[in-house]
Amino acid sequence: TSYTGNLPPELLADLNARVARYASAPDADAWTEREYAPTGSIRIPLLTLHGSRDPVVPILHEGVLAERVGRAGDSPFLVQRTIDAYGHPVGLDEVDRALGDLKTWVTTGVAPKP
């Protein structure tokens, strides 16, 4: 992976020169090839968080996941929360709130608001 983005070129060059690089094992490659695309089949509550202007992972990924979960008939297990923010990842306050909401969902069976 060569990292790119909105950082100054000299910082990106330094990052790419110093980041640790690892080779994957053949069995890990095989697993990734077989399991990479989500099927949409979920059996437990899943709450996703996504920044509305995430430069790393485009928001369109949320729609793809929702479509696949819907096709699998598991929409009741999915709540997607979009945070009106630029950046990746979302803030710790949002993660903390989401974890609390997820715990309450699992405990009570009542899904939180997106």
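Leu60 is a good place to start: in this predicted model, the residue has 56% relative accessibility. Because the cut-off for exposed is over 50%, Leu60 counts as exposed. Its place in the fold is helix H3, which covers residues 60-71. For a sense of distance, look from Leu60 to Leu11: the two are 49 residues apart in sequence, and their C-alpha atoms are 29 Å apart in space.

Now step back to the whole chain. Its secondary structure consists of four helices and two strands. Reading from the N terminus, you meet them in the order α-α-β-α-β-α. The C-alpha trace spans about 50 × 35 × 25 Å along its principal axes. How does the radius of gyration of the protein chain stand against that of a compact globule of 114 residues? The globule would come in near 13 Å, while the protein chain has 18 Å. As for burial, 19% of the 114 residues are buried.

With that overview in hand, let us return to H3 and look at its partners. Strand S1 takes up residues 46-53 and strand S2 residues 78-86. The two strands run parallel, and seven bridges join them. If you would like a spot to focus on within this pairing, try Leu49, which stands opposite Arg81 in S2. Together with H3, the strands S1 and S2 form a β-α-β unit, and this unit is right-handed.

The same helix leads us on to the largest pocket. About 330 Å³ of space lies in this pocket, and S1 and H3 are the elements that give two or more residues to its lining. Which element gives the most to that lining? The answer is H3, with five residues. In total, 15 residues line the pocket. To find its centre on your screen, look for His50, Val57, His61, Glu62 and Leu65, the lining residues that lie nearest to it. What classes of residue make up the lining? There are eight nonpolar residues, alongside four polar and three charged ones.

So much for the tour, and H3 is a handy thread to follow back through it. The helix holds the exposed Leu60, takes part in the right-handed unit with S1 and S2, and gives the most residues to the lining of the largest pocket.

Note on methods
Residues are numbered from 1 along each chain as its sequence is written. This is a predicted model: local features need pLDDT of at least 70, side-chain atom pairs count only at pLDDT 80 or more; totals for chains, interfaces and linings use all residues. Side-chain values use heavy atoms; hydrogens and water are left out. Two strands pair if DSSP finds at least two bridges between them. A crossover is right-handed if, with the strands pointing away from the viewer, the path from the first strand over the helix to the second runs clockwise. On a 1 Å grid over the protein atoms alone, a cavity is a set of points where a 1.4 Å probe fits but cannot get out, and a pocket is an open set with protein on both sides within 12 Å along at least five of seven lines; lining residues have an atom within 4 Å of a point. Grid points are joined across faces, edges and corners, and a volume is the space filled by probe spheres set on the points. Ala, Val, Leu, Ile, Met, Phe, Trp, Tyr, Cys and Pro count as nonpolar, Asp, Glu, Lys and Arg as charged, and the others, Gly among them, as polar. The radius of gyration is taken over C-alpha atoms; the globule rule is 2.2 Å times the number of residues to the power 0.38. Buried means under 20% relative accessible area, exposed over 50%, partly exposed in between (1.4 Å probe, protein chains only).
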